[in-house]
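Okay, thanks for making room for me on the agenda. I'll put the thing up on the screen and then talk you through it.

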Amino acid sequence: MEKKYDVIVIGAGAAGVSAAIWCKRLDLTILLIEKQAKVGGQLHRVGNPIIDYPGIMASHGIQLAETLQEHIQALHIPVLQAEVLQIHEGRREVITEKGSFHCEYLIVATGVKDRLLRIPGEKEMLDRGEQYSTTKEKHRFEGQKVLVVGGGDRAIEGVLNVADIAEHTWLVHRGSHFRAQQRFVEAVHKHPNITIFMQSELTEIVDQHTLKAVRLRVQGREQLVHVDRVLVRIGMEPENQLLQGMVLHKSDGSITVDEFYRTSVPWIFAVGDLVTAPELRSVSWAAGQGMVASKSILLDRMREKG
Ligand SMILES: Cc1cc2nc3c(=O)[nH]c(=O)nc-3n(C[C@H](O)[C@H](O)[C@H](O)COP(=O)(O)OP(=O)(O)OC[C@H]3O[C@@H](n4cnc5c(N)ncnc54)[C@H](O)[C@@H]3O)c2cc1C
């Protein structure tokens, strides 16, 4: 008969890895499923030092991701590299591109994904893979005209990372003030190579052979600006696709959970950034939630078995 796991965890970011470690520690049989080649999730995008997770001072996110990988290997936690395509609620089945797996309990830790503007030309630009890192791929911005959209830390840090080497940069923000850290905001206002458009929106990314331009609405007036690169940095939203129509959501797309991280379907738990308000998203909170969900599953099983 096909093996049935006590717990399947979807997503090997900080939350999913923590849940898997705790399941292992609690003697629950476990399968961790991750669609990327490496574990760590968003940590691969963190260029700043991580100094706020107890016991580890990581000089960047990848370093912390590598320690997660080592931890999983040391505990012999099985990881399947596959994308989960669907969850079958009635059969307690997780369907991936590499086969289907059954479990008693499911922990969904699929994190967040980039929020999109959903404007003409954006999908084509993303399909061409043109969202480069301003740290690891900084050279791609040299001598370029770069337009960054957003008003939070990622947008402002991004424009500051490239402003010294770009031909020119623009920062476009819909609001009337930035949400980013004060030190970033001050730096961006002082920088001579950054033009700031407040209360403005990007309405179209226009591609004409090699010439690229964007249409902007600057305080109500339309403008065409010629640029080489566009970076959309308007925040992240919960990666909730697998649970849509199955469990209750909040209006921001995050999954509704109880204090034990149980969703409205009792055998499905959800943890990490997928259930967390933006201002609380962090490695320590994600890891803590993984622990709570795993211990709650153990308690639920004990109750069920009397
Ligand atoms: C730029 C930046 C800087 C940050 N700095 C800090 C900091 O200094 N300190 C701090 O504590 N936090 C920081 N954070 C936040 C922290 O990184 C996150 O809160 C934390 O990593 C979230 O972990 P997670 O497991 O919930 O989600 P994620 O890391 O997003 O992991 C989700 C995983 O699920 C996988 N997945 C999604 N869908 C599927 C599917 N269908 N099938 C299989 N796998 C799937 C994804 O590939 C991913 O690996 C920062 C975040 C960013 C972006």
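**A walk through the chain**

Let me begin with a cysteine: Cys103 is buried, with a relative accessible area of 0%. One thing to keep in mind throughout is that this is a predicted model. Now, is Cys103 in a disulfide or in no disulfide? It's in none, and the nearest cysteine sulfur, which belongs to Cys23, sits 11 Å away. A disulfide here would need the two sulfur atoms within 2.5 Å, so at 11 Å Cys103 doesn't qualify. Cys23 tells the matching story: no disulfide there, with the sulfur of Cys103 as the nearest one, at 11 Å. Cys23 counts as buried as well, at 0% relative accessibility. The disulfide count comes to zero.

Okay, zooming out to the whole chain. How many helices and strands does the chain have? We get six helices and 18 strands. For overall dimensions, picture a box of roughly 70 × 40 × 35 Å along the principal axes, filled by the C-alpha atoms. For 306 residues, a compact globule would have a radius of gyration near 19 Å, and the chain comes in at 22 Å, which agrees.

What share of the residues counts as buried? That's 48% of the 306. The accessible surface adds up to about 15700 Å², and carbon and sulfur atoms own 51% of that. On contacts, take the ones between residues at least 6 apart in sequence: 59% of those join residues at least 24 apart.

For the electrostatics people, there are 37 positive and 38 negative side chains. How far apart are the centres of the two sets? They lie 1 Å apart.

Next up, a couple of backbone oddities. Arg118 has a positive phi, about 55 degrees, although it isn't a glycine. You'll find Arg118 in the loop between β9, residues 112-114, and α3, residues 122-127. Is Arg118 buried or exposed? Exposed, because its relative accessible area is 59% and the cut-off for exposed is over 50%.

Gln199 is the other one I'd click on: phi is near 45 degrees, again a positive value in a residue other than glycine. Gln199 is placed in the loop between β12 (194-197) and β13 (200-208). At 46% relative accessibility, Gln199 counts as partly exposed.

Last stop, two glutamates. Where does Glu157 lie? In helix α4, which covers residues 153-163. Glu157 is partly exposed, at 31% relative accessibility. If you draw a line from the C-alpha of Glu157 to that of Val112, you get 20 Å, for a pair 45 residues apart along the chain.

Glu279, on the other hand, has its place in a loop, the one between β18 (268-270) and α6 (283-304). With a relative accessible area of 65%, Glu279 is exposed. Glu279 and Trp22 are 257 residues apart along the chain, and their C-alpha atoms are separated by 25 Å.

So that's the tour. If you keep just a few things, keep the zero disulfides, the six helices and 18 strands, and the positive phi values at Arg118 and Gln199. Happy to spin the view around if anyone wants another look.

Technical notes: Residues are numbered from 1 along each chain as its sequence is written. This is a predicted model: local features need pLDDT of at least 70, side-chain atom pairs count only at pLDDT 80 or more; totals for chains, interfaces and linings use all residues. Side-chain values use heavy atoms; hydrogens and water are left out. Buried means under 20% relative accessible area, exposed over 50%, partly exposed in between (1.4 Å probe, protein chains only). Helices (H or I, at least four residues) and strands (E, at least two) are DSSP runs, numbered from the N terminus. The radius of gyration is taken over C-alpha atoms; the globule rule is 2.2 Å times the number of residues to the power 0.38. Contact means heavy atoms within 4.5 Å. Accessible areas come from the Shrake-Rupley method with a 1.4 Å probe; for residues, only the protein chains shown count as cover. Lys and Arg count as positive and Asp and Glu as negative; His and the chain ends are not counted. The place of a charge is taken as NZ of Lys, CZ of Arg, CG of Asp or CD of Glu.
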